[in-house]
Amino acid sequence: MPVVPLKFRPHQDGLLLFADDAGGYFKSDHAFLRRYACDQLTSGDLAFLHVNGHAYNAVGDLAYSGFEHRFAERLYLPREMDYVILVPTLRCNLACGYCQVSRVNEATPGFDWDDSTVEAVIGFLDSLSARKIKVEFQGGEPLLRLDVIERIRDFCSQRFDACELVICTNLQEVSDPAWDLLGRDDVFVSTSLDGNRMTHQKQRTILPGKTDQFFLHLDFAVSRLGSEKISALPTIDPRNAPSPEEVIETFLNYDIRSIYLRPVNYQGFARKKFDARGSADLWNRYHASFIDALVEHNWSSAVPVEEYYFVHCLRRVLRSGHNGHVDLRNPNIVGHGYVVIDYDGKIYPTDEARMVTRIGQFDMSMGDVFRGISAETIDRLNAEALNNFHPDCVHCPYQAFCGVDLVDDISRYGRIDMPKHMTDFCQRHTSIFDRIFAMIYSDDPKVKKTLALWAGTSHFDPLLAKVHQ
Ligand code: SF4
């Protein structure tokens, strides 16, 4: 009976975790590995592998077709373009130390869309075939160009069947008309909240008065708009991080129960200020301690909290089709489902590509709103944007759940052919998936409770933790 290729990795209890290309997994021991490698599988081994979808009788039989289907379901297929990130200005009223976008001072001229750019952006939006659209405004501080946001919103609400707007704002200066805009049903707020007051002030607002102003605005936003319309992202410097408990408490004060921890990034201004290139190990330790703190919190609290990206990875392990996060897909085709339009009308496949270009590393633009998209460079990049054939990934049991981020590789290493295990991307994801499988195979009732909460089930099904001996 043919067996599909299995990849394996030591598990923390001395056993091995095995997984196939379609994301099916189980634990077994070194004796099984020897039998598998030496073609000496027993009838018991084969029965286990067949029942669990890792073996088939003949190409084309039900077991084989099922495996092929599961494999295909794991792959990301880009949709029509229905998501556009707009940068109407690079000007900002803060100067955060880690700012990724190389912002400019609020009064600097020449970094805003002029009328012809606004018209060309509207023309670009008009050319899309999607019936629904999501438009995210970034900056700089996009609320400095409320007029542009209103114009784009007016156009989109007439042109598309449905339109959702996300305003990525620092909530530092919010005028009455801006509050009116943020209060509309189709508008959502994304802001930064760097863990606790002290860290937020150190990394972002600097002056106590400005810090007060931000927290006042955040309070007001939560009470007026509701916490479900606000996402607040903490950017964490792992060398100087607030304790996980403090971060959880701060977010719960605003009834925000999903926390998306982000390491300070090695892009834009952060490149100069922080040595964030080789900090995966530090980050992994902080992130692991954060998961520990969440497990403790969820055990005794009636208000469960999640770490957004960890839960996203968990869901990718448990089910196919979780391709909603642009940083974790395979293949990670960029420049198709969404694009970024910069302050000068240039189009980029991702926000990170915009930053790589802005600091002069590589030109990763793909045309502009005046002349249209020319995707030659991006198509060449996309030809490499999958992990199925990478020499490290083909041996990795996490390959079906993982992805690629070539723009991040270019930004950090100036190349896309680094051995994967040496990349920040791989080191961070190996750590996350190690932790996920440690939790899946844990007997600790606290861990089981949190896993069930994060998986969206009443209890964590033991069938998800198969062991073959
Ligand atoms: S990037 Fe690393 S963790 Fe992800 S599949 Fe490749 S080897 Fe595995």
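Buried residues make up 41% of the 469 residues in the protein chain of this predicted model. The chain holds 17 helices and 18 strands. Its radius of gyration is 24 Å, close to the 23 Å that the globule rule gives for 469 residues, so the chain is as compact as a globular protein of that length. Along the principal axes, the C-alpha atoms fill a box of roughly 75 × 50 × 40 Å. Among contacts with a separation of 6 or more, 67% join residues that are 24 or more positions apart.

**Around the ligand**

If you are looking for the ligand, start with the stretch from Asn-387 to Cys-402, where the surrounding residues include Asn-387, Asp-392, Cys-393, Cys-396, Tyr-398, Gln-399 and Cys-402. Further along the sequence, Lys-420, His-421, Cys-426, His-429 and Thr-430 also belong to the shell. By class, this shell has five nonpolar, five polar and two charged residues. Asp-392 and Lys-420 are the charged pair, because Asp and Lys both count as charged. The nonpolar members are Cys-393, Cys-396, Tyr-398, Cys-402 and Cys-426, because Cys and Tyr are placed in that class.

**Two helices that cross**

Two packed helices are described by the angle between their axes and the distance between the axes. Here, helix H11 (residues 280-300) and helix H17 (residues 445-455) have axes that come within 9 Å and cross at roughly 90°. H11 and H17 are therefore roughly perpendicular to each other; angles of 65 to 115 degrees fall under that description. On the H11 side, the contact is made by Leu-294, Val-295, Asn-298 and Trp-299. Their partners in H17 are Lys-446, Val-447, Lys-449, Thr-450 and Leu-453. The residues of this contact divide into five nonpolar, two polar and two charged. The two charged ones are Lys-446 and Lys-449, because Lys counts as charged.

**Backbone features in the loops**

Most residues other than glycine have a negative phi, and most peptide bonds are trans. A few places in this model depart from that pattern, and the table lists them for easy reference.

| Feature | Residue or bond | Angle |
|---|---|---|
| Cis peptide bond | Gly-139 to Gly-140 | omega near 10° |
| Cis peptide bond | Asn-330 to Pro-331 | omega near -10° |
| Positive phi | Asp-39 | phi of about 60° |
| Positive phi | Asp-255 | phi near 55° |

Where do these residues sit? Gly-140 is in the loop between strand E7 (132-137) and helix H5 (146-159), while Pro-331 lies in the loop between helix H12 (308-318) and strand E15 (338-341). Asp-39 is placed in the loop between helix H1 (30-37) and helix H2 (43-51). With 7 other C-beta atoms within 10 Å, Asp-39 is exposed. Asp-255 lies in the loop between H9 and E12, and its 12 C-beta neighbours inside 10 Å make it count as exposed; the limit for that class is 12 or fewer.

**Three more loop residues**

Ile-256 is found in the loop between helix H9 (244-253) and strand E12 (258-259). Is Ile-256 buried, exposed or partly exposed? Ile-256 has 19 other C-beta atoms within 10 Å, so it is partly exposed, as a buried residue needs 20 or more. Leaving aside residues up to four places away in sequence, Ile-256 touches Ser-227, Ile-230, Ala-232 and Phe-251. Ala-232 is 24 residues from Ile-256 along the chain, and their C-alpha atoms are separated by 7.9 Å.

Tyr-343 belongs to the loop between E15 and strand E16 (347-348). This tyrosine counts as buried, with 23 C-beta neighbours inside 10 Å. Which residues does Tyr-343 touch, not counting residues up to four places away in sequence? They are Val-87, Pro-88, Thr-89, Leu-90, Phe-111, Asp-112 and Trp-113. From C-alpha to C-alpha, Tyr-343 and Ser-129 are 24 Å apart in space, and in sequence they are 214 residues apart.

Ala-58 occupies the loop between H2 and helix H3 (62-73). Only 12 or fewer neighbours qualify a residue as exposed, and Ala-58, with 9 C-beta neighbours inside 10 Å, counts as exposed. Ala-58 and Arg-151 are 93 residues apart in sequence, and their C-alpha atoms are 60 Å apart in space.

Conventions: Residues numbered from 1 in each chain as written. Predicted model: local features only at pLDDT ≥ 70, side-chain atom pairs only at ≥ 80, totals over all residues. Near = placed C-beta within 6 Å. Axes fitted to C-alpha atoms, helices over the stretch in contact; angles between N-to-C directions. Helix = DSSP H or I, 4+ residues; strand = E, 2+ residues; numbered from the N terminus. Parallel < 35°, antiparallel > 145°, perpendicular 65-115°, else oblique. Contact = placed C-beta atoms within 7 Å. Rg over C-alpha atoms; globule rule 2.2 N^0.38 Å.
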